[in-house]
Amino acid sequence: MAQQDDQAAGPHDDSPPGDPWHAFGYLVAGVLFYGLIGWALDRWLGTSFLVVIGILFGAGLGTYMTFARFGGLPNKHETTKHDK
């Protein structure tokens, strides 16, 4: 009986923890990584706008990753179960 309870609770245990440092890490890493790529491209190409585009793209991607990580987006597996 206890094993059935453990198996029944199993799929719910793989949900990501709500650690706010993960969200902070995604945002900062996205801004730094793509901002650095934009800065390097600016240096290489002699432009001055690619660092801004890189920072904005990194912030957007970090926000998307945070939103997806903490359950803001529907899981594809759950969607297919409801569709059946």
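**View 1. V28, a partly exposed residue of helix α2.** With a relative accessible area of 33%, V28 counts as partly exposed. The structure you are looking at is a predicted model. Why does V28 count as partly exposed? Buried means under 20% relative accessible area and exposed means over 50%, so the 33% of V28 puts this residue in between. V28 belongs to helix α2, a helix that covers residues 20-45. Now look for I55, which sits 27 residues away from V28 along the chain. In space, the C-alpha atoms of V28 and I55 are separated by 9.9 Å.

**View 2. The nonpolar patch on the surface.** Which residues form the nonpolar patch? They are W21, F24, L27, V28 and L32. Together these five residues offer about 530 Å² of accessible area. You have already met V28 in the first view, and L27 returns in the next one.

**View 3. L27 and Y64, from two helices.** L27 is a residue of helix α2, while Y64 has its place in helix α3. Are L27 and Y64 buried, partly exposed or exposed? L27 has a relative accessibility of 32% and is therefore partly exposed. Y64 is also partly exposed, because its relative accessibility is 46%. Along the chain, L27 and Y64 are 37 residues apart, and their C-alpha atoms are separated by 9.2 Å. Y64 can be paired with Y26 as well: these two are 38 residues apart along the chain, with 9.1 Å between their C-alpha atoms.

**View 4. How helices α2 and α3 pack.** Two packed helices are described by the angle between their axes and the distance between the axes. Here the partners are α2 and α3, and helix α3 spans residues 50-69. Their angle is about 155 degrees, and their axes lie 7 Å apart. How are α2 and α3 oriented to each other, roughly parallel or roughly antiparallel? Angles over 145 degrees count as roughly antiparallel, so α2 and α3 are roughly antiparallel to each other. As for handedness, α2 and α3 make a right-handed crossing.

**View 5. Stepping back to the whole chain.** How many helices and strands does the protein chain have? Its secondary structure comes to 4 helices and 0 strands. Following the chain from the N terminus, you meet the elements in the order α-α-α-α. The chain has 84 residues, and 12% of them count as buried.

Definitions and conventions: Residues numbered from 1 in each chain as written. Predicted model: local features only at pLDDT ≥ 70, side-chain atom pairs only at ≥ 80, totals over all residues. Heavy atoms only, no water. Patch = residues over 30% accessible without salt bridge, like charges linked within 9 Å, V, L, I, M, F, W, Y side chains within 5 Å. Areas by Shrake-Rupley, 256 points an atom, 1.4 Å probe, with all protein chains shown as cover. Salt bridge = Lys/Arg side-chain N within 4 Å of Asp/Glu carboxyl O. Axes fitted to C-alpha atoms, helices over the stretch in contact; angles between N-to-C directions. Parallel < 35°, antiparallel > 145°, perpendicular 65-115°, else oblique. Left-handed = near helix turned anticlockwise from the far one by under 90°. Buried < 20%, exposed > 50% of the residue type's maximum accessible area, 1.4 Å probe, protein only.
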